[in-house]
Amino acid sequence: MHNPKAKRYAIYYSVVLVAVTGTVVFTTLQYIHQNVIQGVMTFFEGFFSLFMLIRNEEVGKAFLSHLSSIRSFIKSRLSLS
């Protein structure tokens with residue numbers, strides 16, 4: 001799963017990111033408890049999977065497109081204030 005052009009590459013790392021996000025949400029709501037090392041490793045795994053997703057060209061371009069859309073939305077909201 002190290003080839004960003006592989007067919008299931010984006011799906012695999014998206015599932016990993018969703019699992020990490022769910023773990024963080026359940027930890028925040030205190031349904032599950034993690035010690036400090038487990039918490040740090042959970043966040044590291046989330047950042048790593050996000051990094052691996054960005055390596056995929058299609059996902060990376062879509063991510064940058066969404067970031068620019070968010071940036072323009074925020075600028076338009078701030079200029080209205």
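**Exercise 1. Describe the overall architecture of the chain and decide how its dimensions relate to those of a compact globule.**

Solution. The secondary structure of this predicted model comes to three helices and zero strands. Read from the N terminus on, the elements follow the order α-α-α.

The next step is to set the radius of gyration against the globule rule: a compact globule of 81 residues would have a value near 12 Å, but the chain has 16 Å. The spans of the C-alpha trace along the principal axes are about 45 × 40 × 15 Å.

Burial and contacts complete the description. Of the 81 residues, 16% count as buried, and the chain exposes about 6700 Å², of which carbon and sulfur atoms supply 68%. When contacts between residues at least 6 apart in sequence are considered, 57% of them join residues at least 24 apart.

**Exercise 2. Identify the nonpolar patch on the surface and assign its residues to helices.**

Solution. The patch is formed by L50, I54, F63, L64, L67, I70, F73, I74 and L78, which together have about 820 Å² of accessible area.

To assign the patch, consider the helices that contribute to it: α2 (36–55) and α3 (57–80) each supply at least two of its residues, and the largest share, seven residues, comes from α3.

L67 can serve as a worked case. This residue lies in helix α3, and its relative accessible area of 36% makes L67 partly exposed; because patch residues need over 30% relative accessible area, that value passes the cut-off.

**Exercise 3. Find the salt bridge and state which parts of the chain it ties together.**

Solution. Side chains of opposite charge can pair when their charged atoms come close. A search of the whole structure finds one salt bridge, in which the side chains of K5 and E57 meet at 3.5 Å, N to O. K5 lies in the segment before α1 (9–28) and E57 in helix α3, so the pair ties together parts that are 52 residues apart in sequence.

The last step concerns the accessibility of the lysine: K5 has a relative accessible area of 66% and is therefore exposed, the threshold being over 50%.

**Exercise 4. Characterise the surroundings of N56, and then those of N3.**

Solution. N56 lies in the loop between α2 and α3. Its relative accessible area is 10%, and because buried means under 20%, N56 is classed as buried.

Two kinds of neighbour can then be listed. The side chain of N56 reaches the backbone nitrogen of E58 at 3.1 Å, and, not counting residues up to four places away in sequence, N56 touches P4, Y9 and A10.

N3 has its place in the segment before α1 and counts as partly exposed at 44% relative accessibility. Although N3 and N56 are 53 residues apart in sequence, their C-alpha atoms are 8.7 Å apart in space.

**Exercise 5. Compare the positions of S49 and V24, taking location, accessibility and contacts in turn.**

Solution. Begin with location: S49 lies in helix α2, while V24 has its place in helix α1.

Continue with accessibility: S49 counts as buried at 1% relative accessibility, whereas V24, at 22%, counts as partly exposed.

For contacts, leave aside neighbours within four places in sequence: S49 is then in contact with Y13, V16 and L17. With residues up to four places away likewise not counted, V24 touches T42 and F43. The side chain of S49 also reaches the backbone oxygen of G46 at 2.9 Å.

A separation in space can be added for V24: this residue and L64 are 40 residues apart in sequence, and the distance between them, C-alpha to C-alpha, is 24 Å.

**Exercise 6. Locate the residue Q30 and explain what makes its backbone worth checking.**

Solution. Q30 is found in the loop between α1 and α2, and at 58% relative accessibility it counts as exposed.

For the backbone, the relevant background is that most residues other than glycine have a negative phi. Q30 has a positive phi of about 65 degrees although it is not a glycine.

Terms used. Residues are numbered from 1 along each chain as its sequence is written. This is a predicted model: local features need pLDDT of at least 70, side-chain atom pairs count only at pLDDT 80 or more; totals for chains, interfaces and linings use all residues. Side-chain values use heavy atoms; hydrogens and water are left out. Helices (H or I, at least four residues) and strands (E, at least two) are DSSP runs, numbered from the N terminus. The radius of gyration is taken over C-alpha atoms; the globule rule is 2.2 Å times the number of residues to the power 0.38. Buried means under 20% relative accessible area, exposed over 50%, partly exposed in between (1.4 Å probe, protein chains only). Contact means heavy atoms within 4.5 Å. Accessible areas come from the Shrake-Rupley method with a 1.4 Å probe; for residues, only the protein chains shown count as cover. Patches are made of residues with over 30% relative accessible area and no salt bridge: like charges are joined within 9 Å, nonpolar side chains (Val, Leu, Ile, Met, Phe, Trp, Tyr) within 5 Å. A salt bridge is a side-chain nitrogen of Lys or Arg within 4 Å of a carboxyl oxygen of Asp or Glu. A polar contact is a pair of N or O atoms within 3.5 Å; within protein, one must be able to donate a hydrogen and the other to accept it, and residues adjacent in sequence count only if both atoms are side-chain atoms.
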